[in-house]
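Trainee: I should like to take a close look at a single part of this model. Please give one connected account of that part and its surroundings.

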Amino acid sequence: MFVKGSDDLGSAFKVFEKISERNVVTWNLMITRLVQFSHTGDAIHLFFSMVESGFGPDRFTLSSVLSACAELELLAFGKQLHSWGVKSGMGLDVFFGSSLVDMYAKCGADGSVEDARKVFDRMPERNVVSWTAIIAAYVQGGLEQEAIGLFCEMIWGYVVPNCFTFASTLKACANLPEFGLGKQLHSQAIKLGVSAVNCVGNGLVNMYARSGRMECARKCFDILLEKNLILCDTAVDWNAKNLDPKDDIFNLETEGTGNGVNAFTYGSLLSAAACIGTISKGEQIHARVLKSGFGNNLCINNALISMYSKCGNEAAALRVFSDMKDRNVISWTSIISGFAKHGFATKALELFCEMLEAGVKPNGVTYIAVLSACSHVGLIDEAWKHFASMHRDHDIVPRMEHYACMVDLLGRSGLLSEAIEFINSMPFRADALIWRTFLGSCRIHHNSKFGEQAAKKVLELEPHDPAAYILLSNLYAAEGRWDDVAAIRKSMKLRKLTKEAGCSWIEVENQVHKFHVGDTSHPKAQKIYDKLDELTFKIKNLGYVPNTDSVLHDVEEELKEQFLFQHSEKIAVAFALISTRKPKPIRIFKNLRVCGDCHTAIKYISVVTGREIVVRDANRFHHIKDGKCSCNDYW
């Protein structure tokens with residue numbers, strides 16, 4: 001009554017402690033409620049107390065504790081519970097088996113999908129929970145086609161999917177280019193009457209938004225039963241593409257609607273704030289989290305670390321991390337990844353060492369963060385050391401993403417021949433990600449010979465990928481090969497491929513202001529361009545020389561210089577300077593990579609204005625202060 005009626009876990013626990021005669025049901029109730037309220041560490045400690053008190057756990061006890069293991073990524077303890085269940089004769093129980101599938105899937109260790117599948121295959125009886133757990137496992141492991149195959153197999157076995165089955169399968173569809181199956185799932189969800197249920201509706205909105213069908217996404221959103229539960233990917237799509245200040249997806253005014261805000265809501269909204277860079281919204285949500293009693297929730301704290309890191313405030317991210325009572329591999333990976341993207345590789349690697357000393361086993365994603373940290377600052381020897389330790393020390397088989405990090409490291413360092421040799425030595429065929437990464441390095445180092453080879457490989461694997469055309473076109477433009485640039489643009493036009501429009505945005509007084517190249521639509525456009533003229537005069541006197549190589553058009557030098565000062569990054573900085581005051585840092589967000597000239601100009605602007613300017617582009621953060629950048633001009 002205390003837990004379900006008023007979410008009063010403290011009073012429930014007081015009653016539990018005063019019960020003189022407890023049975024398994026009593027212990028199960030308390031353990032289950034602790035897990036449901038994300039007090040997973042306390043739930044496990046209570047389980048130990050239960051066993052020490054002489055009570056043998058049943059299938060409900062083990063299932064709850066397995067959920068706690070999944071939350072905290074305690075794979076070793078989960079395996080012990082698996083062994084206990086088998087020895088106790090529960091190995092064939094569908095309830096226990098479903099929890100095992102979920103635990104192996106969520107523990108994040110390499111091979112967990114295979115272990116989850118082994119448990120699933122040995123289950124003599126399967127229900128919708130077990131099917132949903134294994135489908136979710138494959139989606140989490142990036143095996144979307146296999147997940148969809150399992151969904152079809154489930155349907156053929158006359159098992160009716162529930163809301164969570166749809167949610168997982170829709171997520172798989174959203175990650176695949178083929179759109180037909182997603183529409184079929186939508187139709188089936190309507191037939192079963194679950195399309196307006198939040199987890200299904202959010203999945204539909206996300207799927208349509210990712211495929212660019214924003215009108216369909218909006219219609220699905222409009223019929224959601226609880227519009228405060230917004231999936232982060234949907235928020236990212238709407239805001240990153242439109243950034244319409246009137247469309248406030250962060251509205252948490254739910255007290256008068258009867259819709260309770262739960263941990264999932266907060267996690268989703270924090271993730272949305274992180275991806276878009278609206279730190280004031282993130283801070284407001286953080287305050288709501290604390291007031292609502294979710295301050296110790298592991299998932300929300302992980303989302304807070306990600307939000308502060310992605311919004312450019314790594315100090316706040318570290319404070320959240322340091323204050324956490326329970327941490328799992330996701331917590332450690334999030335903070336390591338945050339410092340890596342900010343260019344603070346030394347701190348990222350120190351945290352990785354602390355993680356190992358704390359006995360937390362890294363997973364594949366952790367190593368992507370570690371290798372990225374090395375790549376961002378050119379720590380070649382350090383990267384090789386960690387790349388070798390993955391399999392040797394932690395039995396993690398390097399995936400394509402890990403090889404891509406090494407290719408990026410070698411390429412950024414100018415070791416293009418070594419990068420090619422490394423690609424050719426890979427144990428599997430390089431995918432488009434590898435070649436696209438290498439192509440980006442060829443552009444940085446103006447090597448059109450290797451660049452043409454890489455572009456050819458990308459287009460063989462993904463013939464409709466505009467990124468390869470754009471990178472090669474930019475490479476030719478930097479070399480003044482305008483005929484080749486024209487040929488590529490003509491080829492893109494014939495294939496109906498378009499380049500993503502570059503834009504920058506900044507949040508001022510809880511409102512997002514978005515700018516494109518040469519933008520004059522803002523109400524303060526005249527003041528912005530007056531400020532730009534003033535900045536141009538000042539930084540030129542300080543020694544700034546426009547780098548017209550960054551202009552990828554065949555026009556006169558004077559016009560090139562004019563184009564440079566119409567870049568969206570510079571417009572956003574000028575707007576920030578007329579809209580904010582010292583000592584508040586200026587935080588600019590850009591959907592593409594920041595151009596070399598803007599990077600140089602902003603360093604000079606930081607000197608003449610005395611302001612710290614943080615720029616988050618598609619790859620990383622640039623903390624610019626007193627004419628110096630955290631990237632050390634290496635990005």
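Trainee: In which helix is the place of Leu 409?

Mentor: The model is a predicted one, and Leu 409 has its place in helix 24. With a relative accessibility of 0%, Leu 409 counts as buried, because the limit for that class is under 20%. Along the chain, Leu 409 and Ser 372 are 37 residues apart, and their C-alpha atoms are separated by 8.0 Å. Ser 372 leads back to the segment of helix 22, which runs over residues 364–377.

The partner of helix 24 is the next subject. Helix 24 covers residues 400–412 and packs with helix 23, residues 380–394, at an angle of about 165°, the two axes being 11 Å apart. An angle over 145 degrees counts as roughly antiparallel, and helix 23 and helix 24 are therefore roughly antiparallel to each other. Their crossing is left-handed. Leu 409 itself takes part in this contact: together with His 402, Tyr 403, Met 406 and Leu 410 of helix 24, Leu 409 meets Ile 380, Ala 383, Trp 384, Phe 387 and Met 390 of helix 23. By class, the contact of helix 23 with helix 24 has nine nonpolar residues, one polar residue and no charged residue.

From there one may turn back along the chain to helix 22. The axes of helix 22 and helix 21 come within 9 Å and cross at roughly 150°. Helix 21 and helix 22 are therefore also to be described as roughly antiparallel to each other, and their crossing is left-handed. On the side of helix 21 the contact is made by Ala 345, Ala 348, Leu 349, Phe 352 and Met 355, and on the side of helix 22 by Thr 366, Tyr 367, Val 370, Ala 373, Cys 374 and Val 377. These residues divide into 10 nonpolar, one polar and no charged.

Helix 21, residues 345–357, has a further partner in helix 20, residues 329–341. The axes of helix 20 and helix 21 come within 7 Å and cross at roughly 165°. Helix 20 and helix 21 are therefore roughly antiparallel to each other, with a left-handed crossing. Helix 20 contributes Val 329, Trp 332, Ile 335, Ile 336, Phe 339 and Ala 340, which meet Ala 345, Lys 347, Ala 348, Leu 351, Phe 352, Glu 354 and Met 355 of helix 21. In this contact 11 residues are nonpolar, none is polar and two are charged. Ala 345, Ala 348, Phe 352 and Met 355 of helix 21 are thus named in the contact with helix 20 and again in the contact with helix 22.

Burial can also be followed in an earlier part of the chain. Helix 11, residues 163–174, should span 16 Å at 1.5 Å a residue, and its end C-alpha atoms are 16 Å apart, which agrees. Helix 11 is mostly covered, with nine of its 12 residues buried; among them are Phe 166, Leu 170 and Cys 173. The cover over the buried residues of helix 11 includes helix 9, helix 10, helix 12 and helix 13. Helix 13 is itself mostly covered, since 11 of its 13 residues are buried, including Asn 202, Leu 204 and Tyr 208. For the 13 residues of helix 13 the expected span is 18 Å, and the end C-alpha atoms are 18 Å apart, which agrees.

Conventions:
Residues numbered from 1 in each chain as written. Predicted model: local features only at pLDDT ≥ 70, side-chain atom pairs only at ≥ 80, totals over all residues. Heavy atoms only, no water. Axes fitted to C-alpha atoms, helices over the stretch in contact; angles between N-to-C directions. Helix = DSSP H or I, 4+ residues; strand = E, 2+ residues; numbered from the N terminus. Parallel < 35°, antiparallel > 145°, perpendicular 65-115°, else oblique. Left-handed = near helix turned anticlockwise from the far one by under 90°. Contact = heavy atoms within 4.5 Å. Nonpolar A, V, L, I, M, F, W, Y, C, P; charged D, E, K, R; others polar. Expected span 1.5 Å × (residues − 1). Buried < 20%, exposed > 50% of the residue type's maximum accessible area, 1.4 Å probe, protein only.
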